[in-house]
Amino acid sequence: TSGGVAHEASEQGLDGSLVNFPGDQGNWVGGKIGGSLQFGGLAAQQYVRVPDFAKPTTSLSLSAWVWADSMPQWATIAANWNGLYGALNYGLFGSDPYLSLYFAEPNPQGINVANGSDDLVPPISLGQWHHVAVIANGSSHEVRFWRDGQNAGWFFYSGSFYPAPVPQLNIGGEPTYDNPNQGYWDGKIDDLALWTRALSSQEIDAIYNAGLKGKSLISLVPEPTTLAYTAVGCLVLIAERFRRGRGCSSFH
């Protein structure tokens, strides 16, 4: 809720630094869940840089609440990218008001960049909170998009991720784009979380419904048999810290 560091809550030491914010202080504003971080779009080129994080090998899930004031081309929600490929690049689909996921997967010739978008639901609207999620399931070889509690599209992939070429995770912007007129989110991001496993549809429903009530996903008590909650972290942009279970990181 203040300062120039986005502190993560899984106690893995993966704090994020705020880049290009005035006075090295974040523009912390009201959010869907208490508070959120405001990103200034193309003119400001602001983002949060997490120096390292657990990379997906077969599965991935990402969940966030987002608010768009405008829609710059390829505006980024979260990315691990080197300009050509990476473990994920999640944000607007070019100039279209839909969200897409790009990532690298292995093929016999080297790598392939898989991609798809959430175009089975109405376009992202401006000036409104949306819950967005994407799940890559290595067992079913499916990537599925969710928006505001609805299944929003899907595509197939090989079931594995090509090793990430760079360590960092960037939130709200992607500085590796050569074109300065693309890649930066204009609006707010709240309660952003990343897992190296595939969440179930029931878990996505629980996160969405908790957010509608103003509660962070960190407030959800994981079932005792779900080892992934304790074994891997997630990255969360929230205003208040909840301490039930481990495995989620809060940036505040």
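## Fold, cores and salt bridges of a predicted model

The protein chain comprises three helices and 17 strands. The coordinates are those of a predicted model. The chain has 252 residues, and 53% of them count as buried. Its accessible surface amounts to about 10100 Å², with 50% of that area belonging to carbon and sulfur atoms. Among the contacts with a separation of 6 or more, 66% are between residues 24 or more positions apart.

**Sheet arrangement**

Eight of the strands build an open sheet, and their order is β1-β2-β5-β14-β7-β8-β9-β10. The pairing in this sheet is antiparallel. The edges are taken by β1 (5-6) and β10 (110-117); each has a single partner strand, so one side of each has no neighbour in the sheet. Within the order given above, strand β5 (residues 47-50) pairs with strand β14 (residues 169-171) in the antiparallel sense, over three bridges. In this pairing, V48 stands opposite I171 of β14.

**Nonpolar cores**

The largest nonpolar core contains 43 residues. The members that touch the most other members are I77, L88, Y90, V143 and W185. Strand β6 (residues 60-68) contributes the most to this core, namely five residues. When residues up to four places away in sequence are not counted, the residues touched by L88 include F53, L60, L62, L101, F103 and L169. Also touched by L88 are A78, A79, N80, W81 and Y102. Another core lies apart from the largest one and has 10 residues, including A133, A193, I207 and L217.

**Salt bridges**

Side chains of opposite charge can pair when their charged atoms come close. The structure holds four salt bridges, and the table lists some of them, with the distance between N and O atoms.

| Salt bridge | N to O distance |
|---|---|
| D52 and K55 | 2.6 Å |
| R147 and D118 | 2.8 Å |
| E203 and R197 | 2.8 Å |

How exposed or buried are the partners D52 and K55? D52 has a relative accessible area of 35% and K55 one of 24%; both values lie between the limits of 20% and 50%, so the two residues count as partly exposed.

In the salt bridge between R147 and D118, both residues are buried. This pair links distant parts of the chain, 29 residues apart: R147 belongs to strand β12 (residues 142-147), whereas D118 is in the loop between β10 and β11.

The partners E203 and R197 are joined through their side chains. E203 has a relative accessibility of 11%, which is under 20%, and therefore counts as buried. R197, at 14% relative accessibility, is likewise under that limit and so counts as buried.

**Nonpolar surface patch**

Which residues make the nonpolar surface patch of about 370 Å²? The patch is formed by L120, W154 and F156. L120 is located in the loop between β10 and β11 (129-137), the loop that also holds D118. L120 has a relative accessibility of 59%; this is over 50%, so L120 counts as exposed. The loop between β10 and β11 therefore carries a buried residue, D118, as well as an exposed one, L120.

Terms used:
Residues numbered from 1 in each chain as written. Predicted model: local features only at pLDDT ≥ 70, side-chain atom pairs only at ≥ 80, totals over all residues. Heavy atoms only, no water. Core = buried A, V, L, I, M, F, W, Y, C linked by side-chain atoms within 4.5 Å. Buried < 20%, exposed > 50% of the residue type's maximum accessible area, 1.4 Å probe, protein only. Helix = DSSP H or I, 4+ residues; strand = E, 2+ residues; numbered from the N terminus. Contact = heavy atoms within 4.5 Å. Areas by Shrake-Rupley, 256 points an atom, 1.4 Å probe, with all protein chains shown as cover. Pairing = 2+ DSSP bridges. Patch = residues over 30% accessible without salt bridge, like charges linked within 9 Å, V, L, I, M, F, W, Y side chains within 5 Å.
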